[in-house]
Amino acid sequence: MTYIHESSSSAVMDGKERAGNYLAMQKVFGNIYLGKFYQILAENRRNGRYLEIGAGPGYQTAEVMKRLAPEEIVIVEPSKDMISAADEYLTQRGYRNKVELRCGFVEDENLINSLGKFDLIYSTLSMHHWADAAHALRNLSKALRPGGVMIIHDFRRIELPGNLKLHRDSHRAYTPMEIEKMLKQAGI
């Protein structure tokens, strides 16, 4: 079930069964729908600390560890059930000792500030769940070390003729112009 969390207007995907099903789907299709992201990530590889926003059940975290071998990945994920699934999956994969799991929201400035600075910050397919994307981007930009890189990979809203708009589920998706506006609001 996807719901709006009471402490934020961000969407949260909860449920142990859902977390397990999402992990199973990622194991089958993850390299297909995340292939371009992994390519971009490799092209922008950094040593050091990584921050992953919206880690889900940990599949992508394990893939990034395997492919890029950062010193550490800190994940911020709003769903306790996804955190639990990530903990179990990363332990099975042998990466748990290099991953810090934090349950929370990207819009939580105090949380993001408390995590320290990062060489690479990334998020895939979660920005459309964020309650205030401009505020979240501002938080993340402050968490980057000098020379660091932020990569946000998400859905794009398709504009159709007239007033028709195609959205993914009931979540937000953004046009390039909306992204530009958010980046300006975030001071990026």
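The exercises below, each with a worked solution, concern a predicted model of a protein chain.

**Exercise 1. The chain as a whole**

State how many helices and strands the protein chain has, and what share of its residues counts as buried.

Solution. Start with the elements: the protein chain contains seven helices and nine strands. Next take burial: 48% of the 188 residues count as buried. Finally, look at contacts between residues at least 6 apart in sequence: 67% of them join residues at least 24 apart.

**Exercise 2. The open sheet**

Find the order of the strands in the open sheet of five strands, and name the edge strands.

Solution. Step one is the order, which reads β5-β4-β3-β6-β7, with parallel pairing. Step two is the edges: β5 (99-103) and β7 (144-153) each pair on one side only, and they are the edge strands. Step three is the twist, which averages 15 degrees from one strand to the next. As background, the strands of a sheet pair through backbone hydrogen bonds, in either a parallel or an antiparallel way.

**Exercise 3. Strand β3 and its partner β4**

Describe how β3 pairs with β4, and decide whether the residues of β3 are buried or exposed.

Solution. Begin with the pairing: β3 (residues 49-53) and β4 (residues 72-77) run in the parallel sense and share five bridges. Two positions can be picked out. Y50 has I73 of β4 as its bridge partner, and E52 stands opposite I75 in β4. Then check burial: five of the five residues of β3 are buried, and the strand is mostly covered. Sort these residues by face. R49, L51 and I53 lie on one side, Y50 and E52 lie on the other, and both faces are covered.

**Exercise 4. Helix α3 against helix α4**

Work out how α3 is oriented relative to α4, and which residues make the contact.

Solution. First, the geometry: the axes of α3 (residues 59-68) and α4 (residues 80-93) come within 9 Å and cross at roughly 30 degrees. Angles under 35 degrees count as roughly parallel, so α3 is roughly parallel to α4. The crossing of α3 past α4 is right-handed. Second, the residues: α3 contributes Y59, T61, A62 and K66, while α4 contributes Y89, L90 and R93. Third, the classes: the contact of α3 with α4 has four nonpolar, one polar and two charged residues.

**Exercise 5. Helix α1 against helix α4**

Repeat the analysis for α1 and α4: what is the angle between them, and which residues meet?

Solution. Helix α1 (residues 16-33) packs on α4 at an angle of about 50 degrees, and the axes are 8 Å apart. This angle makes α1 and α4 oblique to each other. The crossing of α1 past α4 is right-handed. On the α1 side the residues are K16, A19, Y22, L23 and K27, and on the α4 side they are D81, M82, A85 and Y89. By class, the contact of α1 with α4 has six nonpolar, no polar and three charged residues.

**Exercise 6. The loop between α3 and β4**

For A69 and E71, decide whether each is buried or exposed, and list the contacts of E71.

Solution. Take A69, which lies in the loop between α3 and β4. Its relative accessibility is 54%; exposed means over 50%, so A69 counts as exposed. Now look at the backbone of A69: phi is positive, about 50 degrees, although A69 is not a glycine. In general, most residues other than glycine have a negative phi.

Turn to E71, which also lies in the loop between α3 and β4. E71 is exposed, with a relative accessible area of 57%. Leaving aside neighbours within four places in sequence, E71 is in contact with G48 and K98. The C-alpha atoms of E71 and Y50 are separated by 8.0 Å, and these residues are 21 residues apart along the chain.

**Exercise 7. Helix α6**

Why is α6 described as largely enclosed, and what covers its buried residues?

Solution. Count first: seven of the ten residues of α6 (residues 133-142) are buried, so the helix is largely enclosed by the rest of the structure. The buried residues are A133, A134, H135, A136, L137, N139 and L140. Their cover includes β3, α5 (109-114), β6 (118-124), β7 and α7 (176-185).

Definitions and conventions
Residues are numbered from 1 along each chain as its sequence is written. This is a predicted model: local features need pLDDT of at least 70, side-chain atom pairs count only at pLDDT 80 or more; totals for chains, interfaces and linings use all residues. Side-chain values use heavy atoms; hydrogens and water are left out. Two strands pair if DSSP finds at least two bridges between them. Helices (H or I, at least four residues) and strands (E, at least two) are DSSP runs, numbered from the N terminus. Axes are lines fitted to C-alpha atoms, for helices over the stretch in contact, and angles run from 0 to 180 degrees between N-to-C directions. Angles under 35 degrees count as roughly parallel, over 145 as roughly antiparallel, 65 to 115 as roughly perpendicular and the rest as oblique. A crossing is left-handed if the near helix is turned anticlockwise from the far one by less than a right angle, and right-handed if clockwise. Contact means heavy atoms within 4.5 Å. Ala, Val, Leu, Ile, Met, Phe, Trp, Tyr, Cys and Pro count as nonpolar, Asp, Glu, Lys and Arg as charged, and the others, Gly among them, as polar. Buried means under 20% relative accessible area, exposed over 50%, partly exposed in between (1.4 Å probe, protein chains only).
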